[in-house]
Amino acid sequence: PISKATVSVLYCVITKMGAYTYMNEVWKKKQSDVLRFLQRIRCWEYRHQKRLIRVPHPTRPEKARRMGYKRKEGYSVFRIRVRRGGRKRPAHRGICYGKPKTAGVNQLKNKKNIQSIAEEKVGRAIGSLRVLNSYWVNSDGTYKWYEVICVNPASSSIRRDPRINWIAKAVHKRREARGLTSAGRKHRGLRHKGHKANQFRPSARAVWKRHNVVRFWRYR
């Protein structure tokens, strides 16, 4: 029997696609023998590294370029490790005081997705850079690894580039902490348009406030 990776290679040869498209097709077959072996070796390597490291070049160049990465001065890539699973309540000795609604320690879930949390960890650690985007690279039973693309807003090559100099404005400081990246917009529900999407625009908090605040005229 022919493996999925072999089929992907034959398809790429027949269609004469470019290198990045070919790499994208290979990454689509994550259960193929090639990627399973490669990811297992990389996972072993990542487990022996620190939680946050800067990588000299992206592990997935075709994905990084689609996320906005350019190989030029001012761009950098960091690999971050995040623990998998739900959110355990940080209660001392597991004691939750107050009403029964606040009880519970273990079976709680995060409002944010893990990718957004990974971006925030990088943004807190390297405060002088702006987080542009991120993508998944690997995972095992305990951790997930993401690579986060960062931009230096003080770099002259960034400030002169009309395609990216918007990120140098002060309004984009800590954009990952305010849910403005792609992963942040996803957990805020902003990927949807049309029917019932008005429950999350401009934000869920703003919609709640619009429906629950009573306003009166001063002279009524």
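1. A good place to start is K72, which pairs with D161 in a salt bridge whose closest N and O atoms are 3.2 Å apart (a salt bridge being a side-chain nitrogen of Lys or Arg within 4 Å of a carboxyl oxygen of Asp or Glu). K72 sits in the loop between helix 4 (61-66) and strand 2 (75-83) and D161 in the loop between helix 6 and helix 7 (182-187), so this pair ties together parts that are 89 residues apart in sequence. Helices (H or I, at least four residues) and strands (E, at least two) are DSSP runs, numbered from the N terminus.

2. Before going on, please note that this is a predicted model: local features need pLDDT of at least 70, side-chain atom pairs count only at pLDDT 80 or more, and totals for chains, interfaces and linings use all residues. Residues are numbered from 1 along each chain as its sequence is written, and side-chain values use heavy atoms, with hydrogens and water left out.

3. D161 also forms a salt bridge with R163, with 3.5 Å between the closest N and O atoms. Shared partners thus join K72, D161 and R163 into one network. D161 is buried at 9% relative accessibility, K72 is partly exposed at 31%, and R163 is exposed at 64% (buried is under 20% relative accessible area, exposed over 50%, partly exposed in between; 1.4 Å probe, protein chains only).

4. Do look at S157 in helix 6 (residues 156-159) too. S157 is buried, with a relative accessible area of 19%, and its side chain reaches the backbone oxygen of E73 at 2.7 Å.

Notes
A polar contact is a pair of N or O atoms within 3.5 Å; within protein, one must be able to donate a hydrogen and the other to accept it, and residues adjacent in sequence count only if both atoms are side-chain atoms.
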